[in-house]
Amino acid sequence: MVDVGLAHEVALILVSGALAGVLAVRLGQPTIIGYILTGVVIGPVVFGLVEPSAITETMAELGLAFLLFLLGIKMRFGEIRHLIAPIVKISIPQMAAIGLIGFGLALLLPFSFEAAIIIGLAVMYSSTAVVIKMLNDKGEATSLHGKIDVGVLLAQDIVVVIILAVLAAGQPEGLADIATTLGIVMVLVTVTAVVAIGASRFMLPQLFRRISDDRTLFFLIAMSWLFLFVLVSDQIDFILAPFGVEAYLSVEMGAFLAGLAIAQLPYSKDLQGRVNPLTDLFVMIFFVSVALDFEASDLLAYWQEAIVVSVVLMVAKFIVFFGLLHWQRFDLKTTFLGSIGMIQVSEFGIVVAVAAAESQPPFIGPEELGFITLVALMTMSVSVYFLQYNQQLFELVEPYIKRWEHDDPIQPGDTEFRNHVVVIGYDEIARRALRILEERYDDIVVVDRNVAHVEAVEEAGYHALFGDFQYAQIRKDAALKYADFVFSSSGQMEINEILLRETSDETTVFVEAATAEQEKRLYDLGAAYVLMVPQLGVAQFIKYLELYFEDSAAFDEMIRPDLELLRSGELFPDIAVRHGGHDG
Amino acid sequence: MGGTMAEIALLTAIAILFVVAGPLLLIGKSVRLPVVPSLIVAGLIVGQLGLIDEALLLELARLGIAFLVFTFSLNINTEQIRTVVTNTEVVAIVQALVLGALGILLTLAIGIVLDFPIFADVGLDEALTIEQALFVGIAAALSSTIVGTILFTRPKTEIVHDDLANQIDSVNDFLAVLLLLVVSAGAFALDPIATQLGYGVILFVAAIVINRYLFGFIEQLADGSDEAMLISIVAILIIFLAVAELLDTSIVVGAFAAGLAIRGNPVDYSEVFNGLTSIRQFFVGLFFASVGTLVTLPAPTAVIADPAAALAPFIPVAAIAIGLVILASVVKPIVTVALLVYSGYDRRSATLAGFELDHVGVFSVIVAIEALILGFLIEPVFEAIILAAALSMILSTVTHIFDDEIYRMMAQNGWLGRPYHDVDDWNTVPADISDHVVIVGYGRQGRRLVDFCKEIDQPYAVIENNPEALPDLREECDAYVLGDALETETAVVSNLRAARLIISTADAKPITDHFLKYSDSVDVIVRTRELPMAAELLEKGAIYVIIPDLLAADLLAGNLRALLNGEHAPKELQEQTLEELSREREAGVE
């Protein structure tokens, strides 16, 4: 007999997390702070109401996996190619410097040599979860400093994976041992990446094309793709065991590569919108559970040292990043914003520390683990505020750091649309409108959920976005707010209402409606023109019929252009080519 | 992170389910199979490996049910509730009652047969009581698509049989939710029913209070943050689930009440609602795959080694499953067709609607699993219901693809009898009519065309197959035929051969093709929504093809150009179109 109850620890985490999250928003604080504090309060540190269970741990792991998947989906090679070289040049010296500083600090404080090595290895990464969450929330993930931070975080993640693999292999017997483990991990990451990128080039386009019209299926297949990589990374030791290879890959790395493969397809933007809420939900559980694993005594054993190390590390990280970004000739603002976000110690630091504590024999004890966790929690919490107010901070300190401004910094390409046309849904009516609008506007963005349409639109030389207009991400990418003319051939009332709400008064908006009530409502909301397609269609057809009965030669002449178009049988006759005399 | 295969972690279990489901979903897509059976089959396959801790998995996956029911009640909350019951809904209820009764009889009969001495080795450990039979009855009765209407939105349709199927489905949805509430309120254990119902009422009252007073406060707190709103809504759902659990009633009751507590406003919170959709899709996908893992099939190796011993315990399960499949796939369409024809629908629409409902509903799976968890349902019967659901959904896909062919075969063999007319005035076309316009379909377009014919004194005849249009036809049309356009009888009484022009406003391939057969002697105009289809239709003899978008585009082009050239201010444009459309309104088209 199946005996299933509601997982009460999940319930408690979700509810108290939500409460704290809402309070945080209300008080103008980042939600992450609310989540972390929730974990401290309901966990063993304060009240001990919740212990982590298989389900909470799984949901937290899923949260990280979704977060990295989401990150992967955002990485379009075309957009980050020019950043790869600077990112490598920044991340390697940065990790080395911070690792050494951490190690040195730990030696000055009462830690053993071994523990100091682990502390050095644990503190050198910045927090993927915090930085990406904050950048996403603030809409800065695709800004230049956002891309740099994300790139550096990824480079750090690769290093984490390698360190974890080394730690998983137990106390290394020598340099050769470390080198072998390193080699295997590098090969695995490369192979997985090649498979992912190969798939995105040769297999996924056809696959997703076939299913893109079915939203649920599309989403489930994307999940299946994600979990394929999660499963392989998670079970790589099991899969390779028959070959006598001991290997390690992180779930996060797998999820990221799965996302990377999808990022190169036109569907990535659409998928981002759908994975986002799942990530929000599961990442919340992740942040709440960070503090759940600790007893107060372990967590607070070295609290004074933790405060000192946290402060020194944050300052050191900022200076190191600032120096390196400056060296790479980024402009002052990018350098500042890119550095100020990266000052915390990562949750992966905790993961590394946990692996070190669980290694046989252990490298560190529970109190050192507590110390590293406390440093991570404190720096994460503080850095969230720096991220939240990064722009204001920059304005504040700009006069004092002005002398580090380059004369000719690297300029990011600006691809944002302004005073353009947004067309939602590509059909016969939209096609006709496009041909008229193109005479007047340079930039026309067409949003559609059908791949064939998107391809036809791109071929005709317009910008095309694949996705559902209901998602804010898509509206943002289309720069709806700044459009001069919006034409919606969507019959969905919600979409039309949303777009009328989001466009400014100066924007001319044409929308479609099916009924008179809808028409009235849309005019009330400020539409310039509401098309009632069925009614207009009938009205036009009746005009044809009048001719049919009165003058059949005139009827033939009237419908000739239509027939030509219909006979062509093409779904999308080349939009640039004009048919018949329709446009007068 | 990650364990070994022998004692696999929950994350690994979830990953395996999704990985196995992927290819099955793709195969399913290529044969037009819906998502749910593919997911169940994926679970079935993974379940046979015996790697998964089902209880733990289900604990997480059961959130899928919660999200489904939650969304359902959320939608009730946002939509107007109608109090009038249509004919079709009566048909749906009668059909459900008949099938339910047959399901109960079937199970009881199997129970009696299993008691025979020759089946001594085969029998179940527990008896097939009336309680068990009741659940099989529910499974047989409901073809509901709570998942179909909410999870997988269907395009809106003017086609009568699709519309019929949708209406019957939504009645089934309501019945299913009602049953779930009753089942989970413990109504089958008669003793605590009063207290259980009391708790239920408390939950609903709490929900309404939250909706009225607290929700606005939460909205204020969330302060426009989509994330805060999303997690608040999820938290409200979870609180209701927890309270339901505390009161010893099912999470279904909690989820339903939670849906009522939320003030749904898809426009203000489009991101939040999108978010709920993704979260639901994830958990619902996980749920159906998990359901599959609960079914234990006889291991193939054991069957080869000793077929008799391996299969014996499975025989009762198979018997109930096969019985259920026959009820759902054969008996249900027959009952549906009989009831629909009796209430005035033509036999083709009735048959095609029947083929859309010939499966065990997705919601029956949820009823079954809740009953299993609450201890009302024994495992073999549960497994039978799950197997029958997956199998009948797959069969249903086949009948759905070949529905027109099967209908024609049945009609030609005389299995469907003669066309049935329950009203005397089904045909008002004068016998000597000629040189007339035949208008197929009395929808928005059809009505406008009739008005036009009246204006220019052109004789016409309307062909319509939806009996619901009859009152309007009687009042507004001089000449109409109520019946299936494809019946020979209809062609005869509307004197098709002598017509001047046939205009088919029905966007359905079989009907379009049927009228194009007359294009040698009569002008035929047909309608399609798909532009690529038009070339083929012209080839087949249509003199024109109506594509509403194309026609509307012609009108739009002029207006848009005028606006851009500054010849019109937007305001003038509005007035002008309103004027153009006023004619439509006067004609009572709206």
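Helices and strands here are DSSP runs, a helix having at least four residues and a strand at least two. Keep in mind, as you work, that this is a predicted model.

**Exercise 1. Find out how many helices and strands chain B has, and what share of its residues is buried.**

*Step 1.* Start with the elements: chain B holds 26 helices and six strands.

*Step 2.* Now turn to burial, where a residue counts as buried if 20 or more other C-beta atoms lie within 10 Å of its own. Of the 590 residues in chain B, 54% meet that mark.

*Step 3.* Look at contacts in chain B with a separation of 6 or more: 72% of them join residues 24 or more positions apart.

**Exercise 2. Describe how chain B is divided into domains, and which helix gives the most to the side of domain 1 that touches domain 2.**

*Step 1.* Mark the bounds on your structure: domain 1 of chain B covers 5–406, and domain 2 of chain B covers 424–546.

*Step 2.* Place the two C-alpha centres, which lie 41 Å apart.

*Step 3.* Find the contact between them: ten residues of domain 1 of chain B meet nine residues of domain 2 of chain B. On the domain 1 side, helix α16 (residues 347–356) of chain B gives the most, with three residues.

*Step 4.* Sort that domain 1 side by class, and you get three nonpolar, two polar and five charged residues.

**Exercise 3. Do the work again for chain A: where are its domains, and how many residues does the contact take from each?**

*Step 1.* In chain A, domain 1 is assigned as 65–276 + 296–356 + 388–404, and domain 2 as 421–568.

*Step 2.* The C-alpha centres of these two domains of chain A are separated by 43 Å.

*Step 3.* Nine residues from domain 1 of chain A and eleven residues from domain 2 of chain A make the contact. Helix α14 (residues 268–290) of chain A gives the most to the domain 1 side, with four residues.

*Step 4.* By class, that side of domain 1 of chain A has two nonpolar, three polar and four charged residues.

**Exercise 4. Work out the strand order in the sheet of chain B, and why β3 and β6 each have one side without a neighbour.**

*Step 1.* Trace the open sheet of chain B: its six strands follow the order β3-β2-β1-β4-β5-β6, with parallel pairing.

*Step 2.* In chain B, β3 (480–482) and β6 (544–546) stand at the edges with a single partner strand each, so one side of each has no neighbour in the sheet.

*Step 3.* Follow the twist, which averages 15° from one strand to the next.

*Step 4.* Zoom in on one pair: strand β5 (residues 523–527) of chain B runs parallel to β6(B), and three bridges join them. Here Arg527(B) stands opposite Ile546(B) in β6(B).

Notes
Residues are numbered from 1 along each chain as its sequence is written. Chains are lettered from A and ligands numbered from 1 in the order in which they are written. This is a predicted model: local features need pLDDT of at least 70, side-chain atom pairs count only at pLDDT 80 or more; totals for chains, interfaces and linings use all residues. A residue is buried if 20 or more other C-beta atoms lie within 10 Å of its own, exposed if 12 or fewer, and partly exposed in between; C-beta atoms are placed from the backbone. Two residues are in contact if their C-beta atoms, placed from the backbone, lie within 7 Å. Domain bounds come from an automatic or database domain assignment. Ala, Val, Leu, Ile, Met, Phe, Trp, Tyr, Cys and Pro count as nonpolar, Asp, Glu, Lys and Arg as charged, and the others, Gly among them, as polar. Two strands pair if DSSP finds at least two bridges between them. Axes are lines fitted to C-alpha atoms, for helices over the stretch in contact, and angles run from 0 to 180 degrees between N-to-C directions.
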